[in-house]
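The following report describes how one protein model is put together. Please keep the sequence and the coordinates at hand while reading.

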Amino acid sequence: IKQESLKYTGKAKTVYTTNDPDILWVHYLDQATALNGKVKETITGKGALNSEISHLLFDYLTRKGIENHYLKKISATDELVTALDIIPIEVVSRNYASGHFVSKYAVTPMTKLEPLVQEFYFKSDALDDPFINDSQILALNLATSEELAQLRRVSQDVNQLLHALFEQIGIGLVDFKLEFGRTATGDLRLADELSPDNMRLIDTLSGKSLDKDIFRQHSGDVTVGYRDVLNRLQQVI
Ligand code: C5P
């Protein structure tokens with residue numbers, strides 16, 4: 001497989017086309033952003049940590065039967081994935097109140113949320129990823145009602161699997177964001193990355209953040225938290 005042209009520059013990744021039209025090449029950057037890209041910083045080693053964590057988590061989900069885009073890790077910071085038609089919806093799942101759920105609804109941080117809270121956001125940097133509901137998604141033709149049901153079901157399955165996995169290593173899965181895409185034949189696949197950039201993880205004993213909240217809140221070195229997550233995952237995966 002050969003890398004060809006730059007397809008997309010994200011906040012923490014760059015994506016390239018390859019000589020195979022069905023395969024994309026993803027490179028993880030040593031970069032962190034907050035407030036939808038308004039705050040940006042270089043963090044040495046972060047790309048490799050996220051690449052490895054994402055690799056382990058996708059591998060785990062694949063073994064558990066969750067269909068996804070991940071194909072192969074090709075270097076410390078690079079991977080190959082199936083080219084998908086990405087659905088412009090971010091699916092956020094919340095086990096405990098944190099972040100925007102706390103600021104929007106004035107609930108006590110870390111309140112247990114039952115049932116699992118699921119929210120959709122319209123992926124748009126220009127609009128700052130606004131909240132979007134089912135009828136808005138259908139009216140804007142972003143997804144079909146069957147796809148919406150699948151987004152909910154797969155997110156719930158992923159939550160159960162990751163929650164149980166992290167529990168084994170003393171980490172609480174507070175919330176996370178997933179993205180999905182369609183294959184050429186219209187089948188839904190989990191896409192994007194699975195890393196502490198996209199999920200809130202706390203050390204169960206100390207309650208300390210091990211995820212991007214360290215960067216958002218300027219409370220320390222994110223790579224320390226991410227390395228801790230990786231080390232613990234390597235003990236069980
Ligand atoms: O900011 P908020 O509380 O809505 O975030 C919920 C979860 O979704 C967090 O784990 C956050 O990292 C993730 N998220 C994300 N990308 C976004 C918005 C939220 O990964 N654009």
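The residues of the shell around the ligand divide by class into 4 nonpolar, 4 polar and 6 charged, where Ala, Val, Leu, Ile, Met, Phe, Trp, Tyr, Cys and Pro count as nonpolar, Asp, Glu, Lys and Arg as charged, and the others, Gly among them, as polar. In total 14 residues surround the ligand, and the closest are Gly-99, His-100, Asp-175, Lys-177 and Asn-198; a residue is taken as near a molecule if its C-beta atom, placed from the backbone, lies within 6 Å of it. Two or more residues of this shell come from each of S9, helix H2 (99–105), S11 and S14, with helices (H or I, at least four residues) and strands (E, at least two) being DSSP runs numbered from the N terminus.

This is a predicted model, in which local features need pLDDT of at least 70 and side-chain atom pairs count only at pLDDT 80 or more, while totals for chains, interfaces and linings use all residues. Residues are numbered from 1 along each chain as its sequence is written.

Two of the strands that contribute to the ligand shell, S9 and S11, run antiparallel and are joined by 4 bridges, and Arg-94 has Asp-175 in S11 as its bridge partner. S11 also pairs with S14 in the antiparallel sense, over 5 bridges, with Ile-171 matched to Asp-203 in S14; strands are said to pair if DSSP finds at least two bridges between them. Because 6 of its 8 residues are buried, S11 is largely enclosed by the rest of the structure. A residue is buried if 20 or more other C-beta atoms lie within 10 Å of its own, exposed if 12 or fewer, and partly exposed in between, with C-beta atoms placed from the backbone.

The largest nonpolar core has 44 residues, of which Ile-89, Leu-173 and Leu-201 touch the most other members; such a core is a set of buried Ala, Val, Leu, Ile, Met, Phe, Trp, Tyr and Cys residues joined through C-beta atoms within 7 Å. Helix H1 (46–63) is one of the elements that give two or more residues to this core, and its share of 6 residues is the largest. The core draws at least three residues from each of domain 1 (3–82) and domain 2 (85–221), the domain bounds coming from an automatic or database domain assignment.

The centres of domain 1 and domain 2, taken over C-alpha atoms, are separated by 18 Å. Across the boundary, 19 residues of domain 1 are in contact with 21 residues of domain 2, contact meaning that the C-beta atoms of two residues, placed from the backbone, lie within 7 Å. H1 gives the most to the side of domain 1 that touches domain 2, with 7 residues.

Backbone geometry also deserves attention. Most residues other than glycine have a negative phi, and most peptide bonds are trans. The table lists two residues with positive phi that are not glycines.

| Residue | Phi | Location | C-beta neighbours inside 10 Å |
|---|---|---|---|
| Met-110 | about 70 degrees | loop between H2 and S10 | 15, partly exposed |
| Asp-128 | about 65 degrees | loop between S10 and helix H3 (134–139) | 12, exposed |

A cis peptide bond, with omega about 5 degrees, joins Glu-114 and Pro-115, and Pro-115 lies in strand S10 (residues 112–122).
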